[in-house]
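Here is a short tour to read alongside the structure. Keep the view open and follow the headings one at a time.

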Amino acid sequence: MADYDAIVVGAGLSGSTAAYCMAKAGLSVLVVERGDAAGTKNVTGGRLYAHSLEKIIPGFADEAPVERKVVRERISMVTDESCFTADFSSSRFQNPASASYTVLRAEFDPWLAGKAEEAGCDVVCPAVADELLRENGKITGIKAGDDELTAEVVLLADGVNSLLAQKAGLKKELSPHHVAVGAKEVVELSSGIINDRFNLNEGEGLAQLFAGSPSRGMVGGGFLYTNKTSLCVGLVVTVAHMAKSPDRLPDMLESFRQSAALKPLLEGGKIIEYSAHLVPEGGIHMIPTLSADNVLVLGDAAGFCLNLGFTVRGMDYAIGSGALAAETVIEAKQKGDFSNAVLCGYQTRLENSFVMQDMRTHKNAPDFIEHTPRMFKEYPELVENIFADMFTVSGPSKLMLKKALPYVRKAGLLNLMLDGFKGSRAL
Amino acid sequence: MKKIAVCYKWVLSDTDIRVDEKTRSLNMEKCKYQVNEYDRNGLECGVQIKKASGRELVGITLGKDTASSAKDALSRGLDSVFYLDDAALADIDKIGAAKALAGMIKKVGDVDVVICSEASSDDFAQQTGPRIAALLGWPSVSYATKVEVNGDSFTLERKLDDGIECVSVAAPLVITISPEVGEAPIPGVKDILGAKKKPANALAIGDTGLSADALKPASAIVSVLAPETSRKRQRMNPDGVSLDQAAAALVKELSQAGIL
């Protein structure tokens, strides 16, 4: 007889969601988390799209420690000299089913892990699951330090690196083309200053993404999110590109913070936290084997993350995959069969859900983004030139088309059309 | 069965203390409670004495929010915990804490070994162990780095400024340990899970045999401020002078100050 029905490795959003759902259905669940508390090892930009958690815990935002509801979106194209920003705000973002919230993982994750604990799970942290236990080849639990703990099924929610999924033979070593490295700082400012600077009402938030000089033309970009009394500011760059660059990410983040686009927004703020993390960005191309006998892979460990340049999502997929993993395990418990014959239902459930459907819809996005470096250098420059001319008066004027055409030619009209066409089909 | 009582303090972790640069005051809002790090060595010392002598091992604590300390403390090898959680004890001073702990030890009963650590990480007063010994009228052995037990007789080593002193004492006694007495292991998953099933007993101020008035602080903390660091704030490259020139200026400055 195993110690537990299920052991979940990792108390991030996918792990805690799965644990919560399984415990609610009466299963005995152990969650092990290597951080001192849930959330201490996690990094997000970060914004949580609420829809997937809303289905599991309706109205969660009323009790969970969310920071601000995002009602204002900005996308900026930045060069060393200029910044072009599109700013969109809408009352449509108020709808709970499609709302999004800025979150700090050190606050949010302990809340969700707490919900799992309330539902009856044993949550142990800090505890590192070093190995999977096997008996005659069958996965029977985990080894944590000197302790062996057994379960009918192990849910690997141990993050982007997921060494356990690699050890279980479900996942290969990460490709540098499939992961980005992100670094972020939390800059403290009063709530009033944030509201004034970003034109927000109390409790409302802003999300801003930056393409161009912040990533020094490399595939990647900058981000800014408003929290209650702080801003998250950071950069994400694909590892394959970063590795070849002479630039160092911390220096780039420093330059970004000092740039004309950002500096006035951060004025008077104090850096209170610094963090960095790998980000899965390979989309469907990096998804590992998701189920096998007595084991499932979820969240970042499964590569469920999607960066389209205007939306960056991972947490809602993590929650979605956690809930579907739980459903599958509950079925396995009812049938008394934890082999892949039942657990493979997890893959079917994912295919029928927004998680895999989005991965498929945007299967070309990672490739398009990686192979269109013009988006990170030439196009921000094009935008800069056109708008700089448009708003400059220093003598006789020219027609718009005549102003713009030389710049468009420089970037390549054909490139622009092709990228526009390909991009709109991929993103 | 005779009991070993390990006193531990539930302190705020110092990792998230934030200093207000203007007023130098400390902001503890983000700090979480933890078992005082030195007391973890004390708990481990208790585990070793338990193993060697077959005594029962109980943890004792008092102060604000101490009910929430039980699970953590119990994962460190204790058989049970007795806590006195009362907001009235938030500002208790060293005399009060020692009186209350001595009262709790009597209430628990059958205790013949009390272990305290050298100090707590929050105010490092180094008083609790010896004060409890005085109140109980038992021998006090401080700065213990090694503890051996044979039934009721204890052989201890004490680390002093001028050497190591070996002491033989018979129980009952109060031992104040130095961290060198033994490294505290990090509790494993099974230790943490097992802690949930062990008894955590709430005591009230009345159980100490003292009134709340008797535990009122005799001393008061006037202020707590971060130390001031004064810097000269001299820039060696004020107008963007070359690195060589800046280095030469720095060497000259340091030489004149007698540092180099």
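## Domains of chain A

In this predicted model, chain A is divided into domain 1 (4-67 + 103-174 + 284-361), domain 2 (179-280) and domain 3 (368-426). If you want to place two of them in space, the C-alpha centres of domain 1 and domain 3 of chain A are 43 Å apart.

## Overall form of chain B

Let's turn to chain B, whose secondary structure consists of six helices and 13 strands. The C-alpha trace of chain B spans about 75 × 40 × 40 Å along its principal axes. Its radius of gyration is 23 Å, whereas a compact globule of 260 residues would have one near 18 Å.

Among contacts in chain B with a separation of 6 or more, 68% join residues 24 or more positions apart.

## Surface and charge of chain B

Of the 260 residues in chain B, 39% are buried. The chain exposes about 14400 Å², and carbon and sulfur atoms supply 51% of that area.

Chain B has 33 positive and 36 negative charges, and the mean positions of these two sets are 3 Å apart.

## A closer look at Lys30(B)

Where does Lys30(B) sit? You will find Lys30(B) in the loop between strand 4 (26-27) and strand 5 (33-35) of chain B. Lys30(B) counts as partly exposed because its relative accessibility is 47%, and partly exposed covers the range between under 20% and over 50%.

Setting aside neighbours within four places in sequence, Lys30(B) is in contact with Glu107(A) and Asp16(B). Ala67(B) is 37 residues away from Lys30(B) along the chain, and their C-alpha atoms are separated by 19 Å.

How values were computed. Residues numbered from 1 in each chain as written. Chains lettered and ligands numbered in written order. Predicted model: local features only at pLDDT ≥ 70, side-chain atom pairs only at ≥ 80, totals over all residues. Heavy atoms only, no water. Helix = DSSP H or I, 4+ residues; strand = E, 2+ residues; numbered from the N terminus. Rg over C-alpha atoms; globule rule 2.2 N^0.38 Å. Buried < 20%, exposed > 50% of the residue type's maximum accessible area, 1.4 Å probe, protein only. Contact = heavy atoms within 4.5 Å. Areas by Shrake-Rupley, 256 points an atom, 1.4 Å probe, with all protein chains shown as cover. Lys, Arg positive; Asp, Glu negative; His and termini not counted. Charge placed at Lys NZ, Arg CZ, Asp CG, Glu CD. Domains from an automatic or database assignment.
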